[in-house]
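Colleague: Could you walk me through this one? I would like to know what stands behind the terms you use.

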Amino acid sequence: MGQRCIACGEPAGYNRAVVDTVGGVRVGALCVNCERAEFGRSLERGRWRGVDGCAFCDRDGFYALPQWVPDCRRDDAALVSTVAYEVTEATATVCDEHLHALRDDPPRDDRTRK
Ligand SMILES: [Zn+2]
Ligand SMILES: [Zn+2]
């Protein structure tokens, strides 16, 4: 499953998804390292329920950053583990401008690939 981090372009694993809140479509992912670099622990600890719109400015939050949550379920005989995300009112969101700011973070090393 190739889901790459929108900020560093590396495989993001199951940390956070980036979801278009209008279409409900997942547009990317954010890896642990980039989340820490950009947000510190504020996404984990913040009280986003009371925040209307973008986490950084007063524009609308077009993109939600929900956490992937592993889930184990019994399915007949087998134990099925899935990973899912859920966008709720407590999920932090950013506007399109600030999503671009995450993407356009200057590279930390010399990269030639696009
Ligand atoms: Zn990253
Ligand atoms: Zn913003």
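Modeller: Happily! Let's start with Ala 29, which, leaving aside neighbours within four places in sequence, is in contact with Gln 3, Arg 4, Cys 5, Ile 6, Ala 12, Asn 15, Arg 16, Ala 17 and Val 18. This is a predicted model, where local features need pLDDT of at least 70 and side-chain atom pairs count only at pLDDT 80 or more, while totals for chains, interfaces and linings use all residues. Residues are numbered from 1 along each chain as its sequence is written, and chains are lettered from A and ligands numbered from 1 in the order in which they are written.

Colleague: Why are Ala 29 and Cys 5 said to be in contact?

Modeller: Two residues are in contact if their C-beta atoms, placed from the backbone, lie within 7 Å. Cys 5 is listed among the contacts of Ala 29, so this pair meets that cut-off.

Colleague: What makes Ala 29 part of a nonpolar core?

Modeller: Such a core is a set of buried Ala, Val, Leu, Ile, Met, Phe, Trp, Tyr and Cys residues joined through C-beta atoms within 7 Å. Buried means that 20 or more other C-beta atoms lie within 10 Å of the residue's own. Ala 29 is a member of the largest core, which has 19 residues, and is among those touching the most other members; therefore Ala 29 counts as buried.

Colleague: Why are E1 and E3 called paired?

Modeller: Strands (DSSP runs of E, at least two residues) pair if DSSP finds at least two bridges between them. Two bridges join E1 to E3, so the antiparallel pair qualifies.

Conventions:
A residue is buried if 20 or more other C-beta atoms lie within 10 Å of its own, exposed if 12 or fewer, and partly exposed in between; C-beta atoms are placed from the backbone. Helices (H or I, at least four residues) and strands (E, at least two) are DSSP runs, numbered from the N terminus.
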